[in-house]
Amino acid sequence: VECGYCENRCPSREFTLTPRQRIQLRRSLKRLEVSGDQQTYHQLLKEYQFSGMDTCAVDGMCAVDCPVSINTGDLIKRLRRENHGRFANQIARQVSIHFGFVERMVKLALRSGHWMNRVLGKQTMQQLTKGIRKQIPAFPLWTNALSGPVRVIAHKPDEPDVVYFPTCITRMMGADKVQAKTLPEIVKELCDKAGLKIYIPGSVNGVCCGQLFSSKGFPTAYTQTVNDTMNKLWQWTREGKLPVLVDVTSCTHSLQTSYPYLNPENKYRYERLKFIDSIDFAADYLLPRLTIVSPKNTIVFHPVCTVYKMNLLPKLQLIGKHCAGKAEIPFMSSCCGMAGDRGFYYPGLTEAATRAESAEVKQLTGEKNCDGFYSSGKTCEMALQESTHLNYQSIFYLLQDVTEAAVH
């Protein structure tokens, strides 16, 4: 199908290729292979790696506008999976098994990087990682929107109402650039205000939804990770008696779509677990129990890709209606291209993907003096912050700002 409905949704459309073009080039590769033109075939295949594979965000937003729901992201995931050799799969599986150690190393690296920026200048890590990248092309680049790790403090009331699962993205780089309070602290304070007892596990290090491995085409590592996580969630929720709050929308979606990769025991558990996204929790659990005392005048939302996939846009708009006089969702808002980590490797992808939205946000800010910028995915917030130079935060920070303090 070459209609092109998908093209306006693709974050790489102004950087490398669109979904339609990726499919067309796959056909060209097949024709060259059949014709026996090996030289042209291998040259195109080599160039396709960057333009077709590496810079695809695999967000699946192309399927949203496609009349026949073609998800080119699934194609790219399959191709990545087919390209991985035995050694790469073994490494990925070891990373998944020892993800707790990996998480600690990432936290240490981020703390060290921020320390070097403070001591030697704020561009130090950017220049250092660019230098390393010249020698090691697979090395990620530092961005000044990158924030540091947060500490998750366990809280275990006797009769909790909900289990809070702080995602690995929140734990590793969830610190806010402006406010000292961390997202887990904000979530707990909001639950205190709302009269909800929240259970925050103390053994959360190394627990991940597995999206990292799924998007990169490592099904064995993803299967390992998501089954380990289901074991933990089953324990934390008292065998499915409590719902699970997930603070990043893409991670919620990853857990909600993990069923095919679960073992028989965890498939049984999955059917008894309830996953609540941050937007659902804010709209359905917190807003009805909170008192809005100081609504903002104008705010701006960035709906992440999975907001559209999970049909959460009406609830995001409901939150905006209660918390501000005007809640703007830019007409040009779309996938930011970050896809978890793509922006650390291909900053041109996120720059191109956010260019139109960034310009619209800057215009809105100039016209209306916006009071805040909010989303529901930390890496997406970083991509928009890098593009707009404005501080994007979790929607939980919005609710914290506009509601009255808890009564003790």
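In this predicted model, helix α16 (residues 313–323) packs with helix α20 (residues 395–402) at an angle of about 25°, and their axes are 11 Å apart. Angles under 35 degrees count as roughly parallel, so α16 and α20 are roughly parallel to each other. Their crossing is left-handed. On the α16 side, the contact is made by Leu-316, Ile-319 and Cys-323. On the α20 side, Ile-395, Leu-398, Leu-399 and Val-402 do the job. Sorted by class, the contact of α16 with α20 comes out as seven nonpolar residues, with no polar and no charged ones.

Now for another pair. Helix α18 (residues 347–368) and helix α19 (residues 378–388) pack at an angle of about 65°, with 9 Å between their axes. Angles of 65 to 115 degrees count as roughly perpendicular, and α18 and α19 are therefore roughly perpendicular to each other. The crossing of α18 and α19 is right-handed. Here α18 brings Thr-354, Glu-357, Ser-358, Val-361 and Lys-362 to the contact, while α19 brings Leu-384, Ser-387 and Thr-388. As for the mix of classes, the contact of α18 with α19 has two nonpolar, four polar and two charged residues.

Putting the two pairs side by side, α16 and α20 cross in a left-handed way, whereas the crossing of α18 and α19 is right-handed. The residue classes can be set next to each other too: no charged residues sit in the contact of α16 with α20, while two take part in that of α18 with α19.

Methods. Residues numbered from 1 in each chain as written. Predicted model: local features only at pLDDT ≥ 70, side-chain atom pairs only at ≥ 80, totals over all residues. Heavy atoms only, no water. Axes fitted to C-alpha atoms, helices over the stretch in contact; angles between N-to-C directions. Helix = DSSP H or I, 4+ residues; strand = E, 2+ residues; numbered from the N terminus. Parallel < 35°, antiparallel > 145°, perpendicular 65-115°, else oblique. Left-handed = near helix turned anticlockwise from the far one by under 90°. Contact = heavy atoms within 4.5 Å. Nonpolar A, V, L, I, M, F, W, Y, C, P; charged D, E, K, R; others polar.
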